[in-house]
Amino acid sequence: MEFPSLSEPVTAAMIGALATVAGALVQLRMSWRREIRERERGQPITKKSRRGPVIVVFALLVAAAVGGFALSQYFVSLREGDRDALRADLQAKLSEINATAMRLEQARTNERRQIETEVQRADASHLGEEGAAASVVVGPCRPEGAPGAKQECTEQSALRITICARVPASATVREVQLYVRAANSKQPWEEARVQAGQEAEQARFADKFTERPDGDAKQVCQGFANWSGEKSRIARILVKYAI
């Protein structure tokens, strides 16, 4: 353990106490020698000679008190130094604990974000497997011509529409399934599936789908035409995608 340096008042008090003790011891020794010589000569001991040892002893007591005070101040400074060192060590430990707690909290936050991202990705992937659907009812073809003139509707004169399904902007289209059935039909969609570019009872989907942005998402679209003059059709697309 390193001892702290003494302050100037404590140093001065200890030096004064040591000097006083040394002087008192010298005076006490001289007084004792004087008293011994006087006794050897048979001279009577006066009050003045008797007061000499008493003064010396008093001086020793004063010096001892000063030295004790200085020593107590020294020990107090030692305790204050130990307390400061302990406080600094505790502060360092607290800082280390706070830093560790912050790292753990950051790691927990990152882990929670990663889990949330994985959950969202899993949900989006599940939705992509189910697919995004869109459908529209297309009425019978009504060719334009002179009033009362009998004209047949053809694919070239049929009204063309576009059916779009909305998917995430980052989605990769895996497949676009196409379905056509009569508007009043109860036929299951699985049985009403057709291929792109294939004619299905005077109705046809375009050969290829297209994509276009839609804000934070995008639309997958497929063209459709119905040139039946009698039947309304329901055209439906189901877009399968991956994230």
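This briefing covers the fold, the four-stranded sheet and the largest pocket of one chain. The model is predicted. The chain holds two helices and eight strands. Both helices precede the strands, in the pattern α-α-β-β-β-β-β-β-β-β.

**Whole chain**
- The chain has 243 residues, and 25% of them are buried.
- Among contacts with a separation of 6 or more, 73% join residues 24 or more positions apart.
- The exposed surface comes to about 17300 Å². Carbon and sulfur atoms supply 55% of that area.

**The four-stranded sheet**
- Four strands form an open sheet in the order β1-β8-β3-β4, with antiparallel pairing.
- β1 (132-138) and β4 (193-194) are the edge strands. Each has a single partner strand, so one side of each is left without a neighbour in the sheet.
- Strands of a sheet pair through backbone hydrogen bonds, in a parallel or an antiparallel sense.

**Strand pairs in the sheet**
- Seven bridges link β1 to β8 (residues 233-242), and this pair is antiparallel. Within it, V136 has A235 of β8 as its bridge partner.
- Ten bridges link β3 to β8, again antiparallel. Here V180 has A235 of β8 as its bridge partner.
- A235 of β8 therefore appears in two bridges, one with V136 and one with V180.
- β3 and β4 also run antiparallel, joined by two bridges. L178 stands opposite V194 of β4.

**The largest pocket**
- The largest pocket encloses about 150 Å³ of space.
- β3 (172-182) and β4 are the elements that give two or more residues to its lining.
- β3 gives the largest share, three residues.
- The lining includes V180, R181 and A182, together with R193 and V194. Q187, E191, A192, A200, E201, K231 and R233 also line the pocket.
- By class, the lining has six charged, five nonpolar and one polar residue.

**Where sheet and pocket meet**
- Which residue pairs with A235 of β8 from β3? V180 is that partner, and V180 also lines the largest pocket.
- V194 of β4 stands opposite L178, and V194 is one of the lining residues as well.
- β4, an edge strand with a single partner, is among the elements that give two or more residues to the lining.

Notes. Residues numbered from 1 in each chain as written. Predicted model: local features only at pLDDT ≥ 70, side-chain atom pairs only at ≥ 80, totals over all residues. Heavy atoms only, no water. Buried < 20%, exposed > 50% of the residue type's maximum accessible area, 1.4 Å probe, protein only. Contact = heavy atoms within 4.5 Å. Areas by Shrake-Rupley, 256 points an atom, 1.4 Å probe, with all protein chains shown as cover. Pairing = 2+ DSSP bridges. 1 Å grid on protein atoms, 1.4 Å probe; cavity = no way out; pocket = protein on both sides within 12 Å on 5 of 7 lines; lining within 4 Å. Points joined across faces, edges and corners; volume = space filled by probe spheres on them. Nonpolar A, V, L, I, M, F, W, Y, C, P; charged D, E, K, R; others polar.
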